[in-house]
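Let's take a walk around a protein model together. Have the sequence and the 3D view ready, and look for each part as it comes up.

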Amino acid sequence: MDLDKSVLRKKFLNLREKYNVSQKEIEKIKEKFLNLIEKNNSQTILLYYPHKNEINTIPIIEELLKRKKTVLLPKVEKDRILPILISDISNLKIGFAGIKEPEGKVFPKNSIDITVVPAVAYDRRGYRLGYGKGFYDRFLQDFKNLKVGLAYKFQVLDKIPFEKHDIPVDIIITPEEVIEAGRERSFLNK
Ligand code: ADP
Ligand code: MG
């Protein structure tokens, strides 16, 4: 099981590294994500700061700040993710694994409406491959609200092996599709 995950992780990290991103794809994801936010009346959103060739969330973050949403970014402390409020994207500092992160007060997890969960790949049920450290699985363990993944089409597989501790996302947004992973999971698993 774990071996499968690490083989897949390598393969998809490699594919993502080589992938030629188009601005159009980022635009489409941004538009679908903003629609979701407005449809759900979400106010408080935890995003991630893009690293390597991850979906570029910066245009989304800027738009959310413009719309006066409460925007949070993760800060890694030991083996935990802490959600921190940001008011602007320019005063972040290089943190864990070279990823930019904010400084400031930790925001209460249960007041977050949406957590955007990064991944190397997802499956249609919402299960995900992270970087292999389980940071988000730990963070999401007691997170009750909406979990959303952003992905290029090639990053969505039919099935990824998962373990007991793996927490799936509810929705995956690609440039082409809004996948209701939670629904697919209840159809396919039970
Ligand atoms: P990722 O989700 O980053 O792809 P894994 O799901 O393989 O990585 O998790 C990596 C490791 O993180 C697991 O082997 C496990 O030891 C640890 N882990 C994940 N979730 C938890 C948890 N809720 N409590 C304790 N350890 C956890
Ligand atoms: Mg996991």
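What follows covers the ligand site, then the sheet, then two loop residues.

## Before we start

Keep in mind that this is a predicted model.

## Around the ligand

Start with ligand 1. It has 13 residues around it, and Arg9, Gly130, Asp137, His165 and Asp166 are the closest of them. Sort that shell by residue type and you get 6 charged, 5 polar and 2 nonpolar residues.

Now zoom in on the oxygen atoms of the ligand. The side chain of Asp137 has an N or O atom 2.8 Å from an oxygen atom of ligand 1. Asp166 also brings a polar side-chain atom to 2.8 Å from a ligand oxygen. For Arg138, the distance from a side-chain N or O atom to an oxygen of ligand 1 is 3.5 Å. Taken on its own, ligand 1 has 560 Å² of accessible area, and the protein covers 71% of that. Helix H1 (2-18) and helix H4 (135-140) are the elements that each give two or more residues to this shell.

## The sheet

Next, find the open sheet. Its 7 strands are arranged in the order S3-S2-S1-S6-S9-S11-S12, and the pairing is mixed. Strand S3 (80-86) and S12 sit at the edges with a single partner strand each, so one side of each has no neighbour in the sheet.

Further in, take a look at strand S9 (residues 146-150) and S11. These two run parallel and are joined by 3 bridges. Across this pair, Leu150 stands opposite Ile173 in S11.

## Two residues in loops

Is Thr174 buried or exposed? Thr174 sits in the loop between strand S11 (171-173) and strand S12 (178-179). Its relative accessible area is just 2%, and because buried means under 20%, Thr174 counts as buried. Setting aside neighbours within four places in sequence, Thr174 is in contact with Ile29, Lys32, Ala151, Tyr152, Lys153, Val156 and Ile179.

Ile167 is in a loop too, between strand S10 (156-157) and S11. Its relative accessible area is 18%, so Ile167 is buried as well. Again leaving out neighbours within four places, Ile167 is in contact with Arg128, Asp137, Leu140, Gln141 and Lys147. Asp137 may ring a bell: its side chain has that N or O atom 2.8 Å from a ligand oxygen. If you want a sense of distance, try Ile167 and Lys100: they are 67 residues apart along the chain, and their C-alpha atoms are separated by 24 Å.

Definitions and conventions: Residues are numbered from 1 along each chain as its sequence is written. Chains are lettered from A and ligands numbered from 1 in the order in which they are written. This is a predicted model: local features need pLDDT of at least 70, side-chain atom pairs count only at pLDDT 80 or more; totals for chains, interfaces and linings use all residues. Side-chain values use heavy atoms; hydrogens and water are left out. A residue is near a molecule or strand if one of its heavy atoms lies within 4 Å of it. A polar contact is a pair of N or O atoms within 3.5 Å; within protein, one must be able to donate a hydrogen and the other to accept it, and residues adjacent in sequence count only if both atoms are side-chain atoms. Accessible areas come from the Shrake-Rupley method with a 1.4 Å probe; for residues, only the protein chains shown count as cover. Helices (H or I, at least four residues) and strands (E, at least two) are DSSP runs, numbered from the N terminus. Ala, Val, Leu, Ile, Met, Phe, Trp, Tyr, Cys and Pro count as nonpolar, Asp, Glu, Lys and Arg as charged, and the others, Gly among them, as polar. Buried means under 20% relative accessible area, exposed over 50%, partly exposed in between (1.4 Å probe, protein chains only). Contact means heavy atoms within 4.5 Å. Two strands pair if DSSP finds at least two bridges between them.
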